[in-house]
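Subject: Structure handover

Dear colleague,

I am passing on the structure we spoke about, and my notes on its contacts follow below. Please read them with the coordinates open beside you.

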Amino acid sequence: MKILIRELIQAKPSLIKVLSADLPVKVSYRLSKGIKALNRELEDYEEKRVAILKKYSTEKEGQWEVDKDKLPDFTKEMTELMNIEIDINAEPVNLSLIQEIKVSALDLENLAKFINDDLKDEII
């Protein structure tokens with residue numbers, strides 16, 4: 001599955017909601033394998049994000065603050081990082097397998113790349 005890093009970061013809270021639900025064993029297993037791949041990517045992202053932050057920031061009282069004169073370069077590098085397309089070894093889950101989980105429309109939007117709508121022909 002190909003996804004931008006920013007899409008992955010945006011989807012993380014929604015993914016946690018789904019993963020916290022009681023699901024059939026096969027679905028839970030499949031999702032847990034996928035989340036491991038996602039977490040590896042998020043760890044790599046976080047490492048690079050911190051490096052960029054330190055490159056353009058000064059530490060003040062334990063907090064990193066981007067130097068005002070370096071803000072355009074910081075923003076450019078962070079945007080480039082967030083727009084990197086990654087290929088994750090995870091397959092979308094059929095909506096029919098998780099349809100009993102209550103999530104918001106925003107969560108569904110965040111999860112769009114992770115869900116295969118096999119119910120699209122059903123009448124609501």
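Lys-76 and Glu-80 both belong to helix 3, where they sit 4 residues apart, which is about one turn of the helix. Their side chains meet in a salt bridge, with 3.6 Å from N to O; please keep in mind here, and throughout, that this is a predicted model. Lys-76 is exposed, its relative accessible area being 52%, whereas Glu-80, at 44% relative accessibility, counts as partly exposed.

That pair belongs to a set, since the structure holds 7 salt bridges, and two others deserve a description. One of them joins the side chains of Glu-77 and Lys-55, with an N to O distance of 2.8 Å. Because Glu-77 lies in helix 3 (residues 71-82) and Lys-55 in helix 2 (residues 25-55), this salt bridge ties together parts that are 22 residues apart in sequence. Glu-77 has a relative accessible area of 19% and is therefore buried, the cut-off being under 20%. The other joins the side chains of Lys-70 and Asp-67 at 3.5 Å, again taken from N to O. In that pair Lys-70 is partly exposed, with a relative accessible area of 30%, while Asp-67 is buried, with a value of 16%.

The salt bridge of Glu-77 with Lys-55 leads on to the packing of the two helices that carry these residues. The axes of helix 2 and helix 3 come within 10 Å of one another and cross at roughly 170 degrees, and the two helices are therefore roughly antiparallel. On the helix 2 side the contact is made by Tyr-45, Lys-48, Arg-49, Ile-52, Leu-53 and Lys-55, which meet Phe-74, Glu-77, Met-78, Leu-81 and Met-82 in helix 3. Sorted by class, the residues of this contact comprise 7 nonpolar, no polar and 4 charged.

Helix 2 also packs with helix 1 (residues 5-20), at an angle of about 140 degrees and with the axes 11 Å apart, an arrangement that makes helix 1 oblique to helix 2. The crossing of helix 1 past helix 2 is left-handed. From helix 1, the residues Ile-5, Leu-8, Ile-9, Lys-12, Leu-15, Val-18 and Leu-19 meet Leu-31, Ile-35, Leu-38, Glu-41, Leu-42 and Tyr-45 of helix 2. By class, this contact has 11 nonpolar, no polar and 2 charged residues. Tyr-45 is listed in the contact of helix 2 with helix 1, and Tyr-45 is also listed in the contact of helix 2 with helix 3.

Ile-16 is likewise found in helix 1, and with a relative accessible area of 44% it is partly exposed. The C-alpha atoms of Ile-16 and Ile-35 are separated by 9.2 Å, although these residues stand 19 residues apart along the chain.

One backbone feature remains, and it concerns a loop. Which residue other than glycine has a positive phi, near 55 degrees? The residue is Glu-61, found in the loop between strand 2 (57-60) and strand 3 (63-66). At 84% relative accessibility, Glu-61 counts as exposed.

With kind regards

Conventions: Residues numbered from 1 in each chain as written. Predicted model: local features only at pLDDT ≥ 70, side-chain atom pairs only at ≥ 80, totals over all residues. Heavy atoms only, no water. Salt bridge = Lys/Arg side-chain N within 4 Å of Asp/Glu carboxyl O. Buried < 20%, exposed > 50% of the residue type's maximum accessible area, 1.4 Å probe, protein only. Axes fitted to C-alpha atoms, helices over the stretch in contact; angles between N-to-C directions. Parallel < 35°, antiparallel > 145°, perpendicular 65-115°, else oblique. Left-handed = near helix turned anticlockwise from the far one by under 90°. Contact = heavy atoms within 4.5 Å. Nonpolar A, V, L, I, M, F, W, Y, C, P; charged D, E, K, R; others polar.
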